[in-house]
Amino acid sequence: MGCGATKSNELQAALLIQRWYRQYVARLEMRRRCTWHIFQSIEYAGEQDQIKLYNFFGYLMDHFTPANSERNLISHIFRENEICRDIEWERYFCYKNIEVPELYSGPHLSFPLTVSNVADLVEAFKNKQQLHTRYVLQLLLESWKLLRMLPNINQVSTCQTKEITICGDLHGHLEDLLLVFYKNGMPSVEKSYVFNGDFVDRGKDSIEILLILFAFMLLYPNNVHLNRGNHEDYIVNLRYGFTKEVLGKYRLHGKKILKLLQKIFSWLPLATVIDQKVLILHGGISDTTDLNIIAQADRHKVKSTSFLLIVDMLWSDPMPQDGCIPNEVRGGGCYWGPDVTEKVLRRHNLQLLIRSHECKQEGYEFCHNRKVLTIFSASNYYEVGSNRGAYIRLGPDLVPHFIQYQANRSTRELTLRQSVGETERSALRALREQLFAHKSDLLYAFQDYDTDNTGWISLKHWATAVEAVLRLGLPWRVLRSQLVTTTQDGMLDYQGWLRELPITEPKTESLLETMYKQRSNLETIFRIIDSDHSGLISFEEFRQTWKLLSSHLKMEISDEAILDMAVSIDFNKDGSIDINEFMEAFRLVDRTMNLPSEPNHTKTDE
């Protein structure tokens with residue numbers, strides 16, 4: 001009897017441990033999903049700002065008269081490049097007068113490229129070496145010549161290669177691309193690849209990824225296919241890092257490289273179709289998508305009659321309910337439902353749509369009755385441990401097989417709790433930045449609930465007000481305990497809570513806060529105004545920048561306030577503002593976020 005009782009107790013203990021562990025994992029999963037939601041909401045809010053800014057420039061071009069100084073300021077955004085004819089382009093980007101010094105130890109390329117050339121290139125980038133500018137320009141010129149010959153929609157067959165590998169967004173994550181090649185094999189005649197856009201921005205090795213992909217495309221033009229993503233756009237690159245990366249790595253000829261890439265991006269194909277049954281494009285479709293029209297579009301002309309169709313292809317996302325509505329979360333493209341998927345697939349006799357554009361925690365995700373498949377290949381996209389990357393193998397049966405991975409070795413060594421904890425802390429930091437950027441708006445929102453001017457509101461009203469201001473769609477009541485540390489009887493001293501956010505001098509607080517909130521827009525406009533990529537703008541150009549932005553935001557800022565700000569940012573007092581001074585101003589504001597209890601720092605202190 002004693003033996004039986006012992007076994008019964010052991011069983012009960014095992015069941016209790018199992019139950020506790022399941023609850024523990026469930027809590028971690030809830031935290032992971034909440035963290036994911038924070039990252040994604042902030043990302044989409046930034047893209048929405050970018051689209052609004054893009055549309056605003058378009059509005060200026062369409063409605064301002066030639067006499068407007070603003071038109072001269074931003075006209076170069078949409079005009080045709082100064083060099084129009086192909087022969088003049090080739091002469092402008094001529095690489096032959098650029099000498100490769102004897103001390104150069106990186107890879108040497110010869111054209112047509114050989115397998116050895118491309119292997120050397122991959123190995124060099126793996127070892128953090130840089131390709132010489134001469135070879136960069138030559139490789140890009142050859143890529144441009146080839147891309148101009150390709151159709152808008154590539155037709156690919158599994159008959160010759162038996163299997164095709166499909167990769168989603170890489171976003172400058174070279175580690176992920178190298179890991180895919182290690183696990184799956186390099187592109188070759190026997191191993192075809194489709195890379196589905198968003199090769200650049202956000203990550204630190206975008207130019208290396210482009211050069212590798214273009215090299216393989218030149219080596220195996222029938223086996224390596226590149227689709228355009230929404231980040232293959234030079235205006236988007238101004239905001240999300242690729243422009244800065246190129247100018248940092250290729251200081252002497254970076255301007256030429258960027259101008260050539262601007263041309264190349266406009267010639268990237270828009271879609272790939274496998275065995276006439278599987279459609280691969282970056283973003284998605286809409287209820288007006290017609291592949292026959294898209295096939296005839298002038299994809300290299302931004303203002304073509306089919307531009308809206310191209311925007312849908314690059315920016316759209318699927319939704320669970322039927323219908324097709326504007327994608328207000330991203331600010332561009334649409335949300336489309338299962339009925340639209342059925343309609344477009346049936347119209348073109350297709351059976352599956354593969355797209356990318358959205359980061360997924362497992363690297364891939366099915367929706368719309370498994371007729372839409374999202375693939376995302378940049379692991380650790382938001383933060384180390386935030387997501388897996390994945391790629392697809394597709395054979396003649398057209399059944400997708402998934403391979404998942406984590407490119408960062410330290411991530412694979414973390415426990416689930418450590419991984420969730422690190423990504424959660426990073427997400428909360430990003431969220432606090434958003435709260436700081438909207439501090440004045442939050443104060444007004446809180447005061448609406450504090451009708452008696454007590455300085456206190458309920459936690460329920462706090463959550464409602466924060467969502468009304470930030471509009472991120474986050475579970476604020478769940479996040480409350482991590483953002484609000486001091487309460488009394490379920491009430492919050494909202495003025496004290498706001499005082500815990502960074503404090504600036506009263507005279508300039510409003511302008512600095514607006515500047516911090518709009519720092520991405522400002523940096524984008526700065527780089528647009530700085531059309532020669534010199535890194536300098538005058539006080540007058542800075543004033544015009546603010547006038548453009550204030551017009552965009554429908555807010556009034558006096559010339560005197562703008563001049564005071566320009567003078568304060570001009571740290572070396574040379575009468576102009578460089579990009580480092582411009583962004584240093586943001587860093588000074590940002591740094592105070594970690595110093596709530598210390599006195600304000602002057603520029604000299606910093």
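Asp176 is buried in this predicted model, with a relative accessible area of 2%. That value is under the 20% limit for a buried residue, so Asp176 counts as buried although its side chain is of the charged class. The residue lies in helix 7. Apart from neighbours within four places in sequence, the contacts of Asp176 are with Leu170, Ser377, Ala378, Ser379, Tyr405 and Ala407.

Asp176 has company in helix 7, which spans residues 174-184. Also buried in this helix are Leu174, Leu177, Leu178, Val180, Phe181 and Asn184. An α-helix has 3.6 residues a turn, so residues three or four places apart point the same way. The cover over the buried residues of helix 7 includes two other helices, helix 4 and helix 8. Strands contribute as well, among them strand 2 (164-167), strand 3 (192-195), strand 13 (389-394) and strand 14 (400-405). After helix 7 comes Gly185, which has a positive phi near 100°.

Helix 8, one of the elements covering helix 7, also packs against helix 4. Helix 4 covers residues 115-126, and its axis comes within 10 Å of that of helix 8. The two axes cross at roughly 165°, an angle over the 145 degrees that marks the antiparallel class, and helix 4 and helix 8 are therefore roughly antiparallel to each other. Their crossing is left-handed. On the helix 4 side, the contact is made by Val115, Val118, Leu121, Val122 and Phe125. Helix 8 brings Glu208, Leu211, Ile212, Ala215, Phe216 and Leu219 to the contact. By class, this contact of helix 4 with helix 8 has 10 nonpolar residues, one charged residue and no polar ones.

A further partner of helix 8 (residues 206-219) is helix 11 (residues 254-267). Here the axes are 14 Å apart and the packing angle is about 55°. Helix 8 and helix 11 are therefore oblique to each other. As in the pairing with helix 4, the crossing is left-handed. Ile207, Leu210 and Phe214 of helix 8 meet Ile257, Leu261, Ile264 and Phe265 of helix 11. The residues of this contact comprise seven nonpolar, no polar and no charged.

Turning to charged pairs, the structure holds 14 salt bridges. One of them links Lys204 and Asp205, with the closest N and O atoms 3.4 Å apart. Are these partners buried or exposed? Lys204 counts as exposed because its relative accessibility is 59%, whereas Asp205 is buried, with a relative accessible area of 11%.

A second salt bridge joins the side chains of Asp317 and Arg330, at 2.5 Å from N to O. Asp317 belongs to strand 7 (residues 317-318), and Arg330 sits in the loop between strand 8 (324-326) and strand 9 (334-336), so the pair ties together parts that are 13 residues apart in sequence. Both Asp317 and Arg330 are buried.

Glu365 and Lys360 also meet through their side chains in a salt bridge, with 3.1 Å between N and O. Glu365 is partly exposed, its relative accessible area being 40%, while Lys360 counts as buried at 11% relative accessibility. Through shared salt-bridge partners, Asp317, Arg330, Arg355, Glu358, Lys360 and Glu365 are joined into one network. The Asp317 and Arg330 pair therefore belongs to the same network as Glu365 and Lys360.

Another buried residue of the charged class is Glu424. Glu424 is found in helix 16, which runs over residues 416-437, and has a relative accessible area of 11%. Beyond neighbours within four places in sequence, Glu424 is in contact with Arg31, Thr35 and Gln482.

Finally, the protein as a whole can be considered. The fold has 25 helices and 18 strands. Of its 606 residues, 53% are buried. Among contacts with a separation of 6 or more, residues 24 or more positions apart account for 72%. The contacts of Glu424 with Arg31 and of Asp176 with Tyr405 are examples from the residues described above.

Definitions and conventions. Residues numbered from 1 in each chain as written. Predicted model: local features only at pLDDT ≥ 70, side-chain atom pairs only at ≥ 80, totals over all residues. Heavy atoms only, no water. Axes fitted to C-alpha atoms, helices over the stretch in contact; angles between N-to-C directions. Helix = DSSP H or I, 4+ residues; strand = E, 2+ residues; numbered from the N terminus. Parallel < 35°, antiparallel > 145°, perpendicular 65-115°, else oblique. Left-handed = near helix turned anticlockwise from the far one by under 90°. Contact = heavy atoms within 4.5 Å. Salt bridge = Lys/Arg side-chain N within 4 Å of Asp/Glu carboxyl O. Buried < 20%, exposed > 50% of the residue type's maximum accessible area, 1.4 Å probe, protein only.
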